[in-house]
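Here are some short exercises to work through with the structure open beside you. Try each task yourself before you read the solution.

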Amino acid sequence: MLILGLETSCDETGVALYDAGVLAQGAPPAQGLLAHVLHSQSDLHAAYGGVVPELASRDHVRRLVPLVRETLARAGRRRDALAAVAYTAGPGLAGALLVGAAFGHALALARGIPAIGIHHLEGHLLSPLLAQPTPEFPFVALLVSGGHTQLMRVDGVGRYVLLGETQDDAAGEAFDKTATLLGLGYPGGPALARLAEGGRADRYRLPRPMLNSGDLGFSFSGLKTAVALLVRDSGQVALEDATRADIARAFEDAVVDVLVAKCARAIDTSGLSRLVIAGGVGANRALRSALHAEGARRGFDVFYPAPELCTDNGAMIAFAAALRLHHGLAPRPSHAFSVRPRWELGATV
Ligand code: KG4
Ligand code: ZN
């Protein structure tokens, strides 16, 4: 049962083909992923310092047909073998979402197969199940992307309880805004992380927001302000490379400390022993090694998607649809559709 997955919620066009028959056979879920391709629009938006929604929508329109062809060719499958089309229905940019939704429904209608709208964060949340070893339910999930920072309890497919979330900026957003302050361009998160690797840990110390708040909430917007003050107080008009690297390191250390402490708290309070990391910031190496160390110390296991499946991709959308179909949780087939630019994950259940 072949499912085509389409991701167009923001600035990446992702397309993938997943064979849901693998789930029925009880084989490792990763075996069902037959092909996935991605086109990043980062070059398109770089000149503007952020995503321009209208340009994003137009580029998705341009990319979808060739990417679907490429995905099918890579998997060696034909269009008429498709059993369903899954697309990201929200949250995200309204116009960008509509491109994927309209394309998905048009293709599904033409082929007489269902189109399934998927919650983008559910895609991220379930993507670690595509890795080896595969985490079993229940687990605690940390979703750290450009738009979200949330801790969730995941009891099964479609069974998600929000434990805590950011009050302001998402962790990825904080990485991107801090990168801009350091002159790293867009999207700055990965560049900031690379810079931090060469930075000194003992030169600057930034606050750890809400570290001792006693709950599972986060707040990252103050860190960006703290970095802006460091830049100002450095007295350097154009920051020296070493100073930029040291500031990047101080910022990354602060974010990682807070994320690790809150994950540990979520594990303690939930009584669970598995932690799953999803979303773009999950690709951060400092975060990964700190979480491993904490897990080893406290006796919990940490799971991640493959690095290429941490950021937005079509595989997670096809896979989430496959899991929903497998568990009888797919929506009733209909070709009336809308998208939900704002959409709480709990509302999918
Ligand atoms: O999940 P994602 O691809 O898109 C959203 O749904 O937001 O996450 C993108 C975010 C961006 O903010 C990006 O800067 C951040 O993930 N990111 C990183 C790293 N790789 C991507 N942040 C820190 N370190 C990284 N290595
Ligand atoms: Zn995402």
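## Salt bridges

By the rule used here, the count comes to 21 salt bridges in this predicted model. Let us look at a few of them.

**Exercise 1.** Find out which helix holds both arginine 62 and aspartate 59, and how their side chains meet.

*Solution.* Start with the atoms: the side chains of arginine 62 and aspartate 59 form a salt bridge, with N to O at 3.0 Å. The cut-off for a salt bridge is 4 Å, so this pair qualifies. Next, place the two residues: both belong to helix α3 (residues 53-75), three residues apart, which is about one turn of the helix. Last, look at the surroundings: aspartate 59 has a relative accessible area of 3%, and is therefore buried.

**Exercise 2.** Decide whether arginine 297 and glutamate 294 are buried or exposed.

*Solution.* First, the contact: their side chains meet in a salt bridge of 3.3 Å, N to O. Arginine 297 and glutamate 294 are three residues apart in helix α10 (residues 285-298), so about one helical turn separates them. Now use the cut-offs: buried means under 20% relative accessible area, and exposed means over 50%. Arginine 297, at 63%, counts as exposed. Glutamate 294, at 12%, is buried.

**Exercise 3.** Work out which parts of the chain are tied together by glutamate 122 and arginine 324.

*Solution.* Begin with the salt bridge between glutamate 122 and arginine 324, whose closest N and O atoms are 2.9 Å apart. Glutamate 122 lies in helix α5 and arginine 324 in helix α11, so the pair ties together parts that are 202 residues apart in sequence. Both residues are buried.

## The zinc ion

**Exercise 4.** Which residues coordinate the zinc ion (ligand 2), and why is the arrangement irregular?

*Solution.* List the residues: His120 (NE2), His124 (NE2) and Asp312 (OD) coordinate the zinc ion (ligand 2), at 2.0 to 2.1 Å. Along the chain, the donors follow the spacing H-x3-H-x187-D. Histidine 124 in helix α5 (residues 120-126) and aspartate 312 in the loop between β10 (301-303) and α11 (315-326) are 188 residues apart, so this pair links distant parts of the chain. Histidine 124 and aspartate 312 are both buried. Then turn to the angles: the four donor atoms around the zinc ion subtend 94 to 144°. A tetrahedral site needs all angles between 85 and 135 degrees. The range found here makes the arrangement irregular.

## Two domains

**Exercise 5.** Describe how domain 1 and domain 2 meet.

*Solution.* Take the bounds first: the domain assignment gives domain 1 (2-127 + 309-326) and domain 2 (136-304). Their centres, taken over C-alpha atoms, are 27 Å apart. The contact takes 17 residues from domain 1 and 20 residues from domain 2. About 1,400 Å² is buried between them, and carbon and sulfur atoms give 75% of that area. On the domain 1 side, Leu121, Leu125 and Cys310 supply 46% of the area buried against domain 2, more than any other three residues. Finally, count salt bridges across this interface: the rule finds zero.

## Backbone details

**Exercise 6.** Locate the cis peptide bond that leads to proline 138, and the one that leads to proline 187.

*Solution.* Phenylalanine 137 and proline 138 are joined by a cis peptide bond with omega about -5°. Proline 138 sits in the loop between α5 and β6 (139-144). The peptide bond from tyrosine 186 to proline 187 is also cis, with omega near -10°. Proline 187 is in the loop between α6 (171-181) and α7 (189-197).

Terms used:
Residues numbered from 1 in each chain as written. Chains lettered and ligands numbered in written order. Predicted model: local features only at pLDDT ≥ 70, side-chain atom pairs only at ≥ 80, totals over all residues. Heavy atoms only, no water. Donors = N, O, S within 2.8 Å, 3.2 Å for Na, K, Ca; no water. Tetrahedral: all angles 85-135°; square planar, octahedral: opposite > 155°, others 65-115°. Helix = DSSP H or I, 4+ residues; strand = E, 2+ residues; numbered from the N terminus. Buried < 20%, exposed > 50% of the residue type's maximum accessible area, 1.4 Å probe, protein only. Domains from an automatic or database assignment. Contact = heavy atoms within 4.5 Å. Buried area = accessible area lost by both parts, 1.4 Å probe.
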